[in-house]
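Biologist: Let us go through the labels on this model one by one. I will ask what backs each of them.

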Amino acid sequence: MRRLALASLVALSASLAGCAHLGGVSKKAKPNATAPVRLDAIRKAQVWTATDVASMDLMAGPQGKGSFTPNETVTCDYLDKPLSGNSPKFACVIPPDDELKVKFGRDNGEVFAEVAASRLLWALGFYAERMYAVRVVCRGCPSSIHGTEMSSIERKLPGKDIETTHIMGWAWPELDLVEPSAGGAPRAQRDALKLLAVFIQHTDSKPEQQRLVCVGKREKGNDADPCPETVMMVHDLGQTFGHANQMNRDSVGSVNLEEWSHAHVWKDATHCIANLPASSTGTLDNPLITEEGRKFLADLLVQLTDAQLHDLFAVSRFERRSTASDSAPGPTTIDQWVAAFKQKRDEVVNHSCPG
């Protein structure tokens, strides 16, 4: 039975290019790998690395070259360059050559959600981009760009994306192609990542929202050669901390306390089927979670202190998010977000899955 399932997944991976409903076709893909090289990268991929969860500074966030302090004022020069996606964003440059992607606006949920979701994944040990909540002063920006006092800036995880002619990123069913015997992540870690995506309600889970990254150095430096170290990570976490919905509506799916607090972790608790119905673009659909995966995530979540949770939502400025949604009638407080998080955490911790 397992061989049949794996064979079906391999077929899925090989035919993603023809599956428009999975969002696997992308004209923006920059081919640098063959299908066999991509499949080899998935089979050996990692999704998690150990961290000292309780000591992670969620207010400061990940440090390193290009990091910013919370709510730092960043001055940059507008760059007239098209960017993909539907949320308000623009490119600009800190002289002489530090190019930035800036998302902006109080009514743009992604400005808030990506900071919180990426820092949560980072603190727990799952790979994520570095996201910073900042104020931006844009020199030369057109008049249509305003409200940049509420912005976020992304610093991508270093490494080279592995892409074929038609496939950018990866679909969530492809996590089941990872082979521990080939050095890939164990099932517990992969199921924990799925359950965490459900926990934060990662509704827009099309392949382009995930990255398959070569983080190791190829022996000959040739992109066509297999990569020795690879990572499968969630790249775009903008549609989170709301409720998964068919059309990925920002007002419902991104930083909406009312919707998130009512989105239970389990669709079928008895059989450990998690609650994340696939959106029109999504590839993660009510995943079945093993006890090993549930326990793995639970053991990480319980290490987060109340102070860390408060910092998580405060640095992401959740109380300043504005929405026109009827299901989010007014301003929220950081304490309300912390309480909702702990309630959802209890759903994961105070449960067990069948063997």
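Modeller: Start with accessibility: buried means under 20% relative accessible area, exposed means over 50%, and partly exposed is in between (1.4 Å probe, protein chains only). This is a predicted model, where local features need pLDDT of at least 70, side-chain atom pairs count only at pLDDT 80 or more, and totals for chains, interfaces and linings use all residues. Residues are numbered from 1 along each chain as its sequence is written, and side-chain values use heavy atoms, with hydrogens and water left out.

Biologist: Why is Gly 147 called partly exposed?

Modeller: Its relative accessibility is 25%. That value lies between the cut-offs, so Gly 147 counts as partly exposed.

Biologist: What makes Gly 147 a loop residue?

Modeller: Strands are DSSP runs (E, at least two residues), numbered from the N terminus. Gly 147 falls between two of them, strand 4 (130-139) and strand 5 (151-155).

Biologist: Which residues does Gly 147 contact, leaving aside neighbours within four places in sequence?

Modeller: Phe 104 and Gly 105. Contact means heavy atoms within 4.5 Å.

Biologist: Why is strand 2 called mostly covered?

Modeller: Strand 2 spans residues 89-94, and 5 of its 6 residues are buried.

Biologist: How do you know that strand 2 pairs with strand 1?

Modeller: Pairing needs at least two DSSP bridges between two strands. Strand 1 (residues 72-79) and strand 2 share 3 bridges, so they pair; they run antiparallel. Tyr 78 has Cys 92 in strand 2 as its bridge partner.

Biologist: And what joins strand 2 to strand 3?

Modeller: A hairpin, through 3 residues. Strand 3 (residues 98-104) pairs with strand 2 over 6 bridges, also antiparallel. There, Phe 90 stands opposite Val 102.

Terms used. Helix = DSSP H or I, 4+ residues; strand = E, 2+ residues; numbered from the N terminus.
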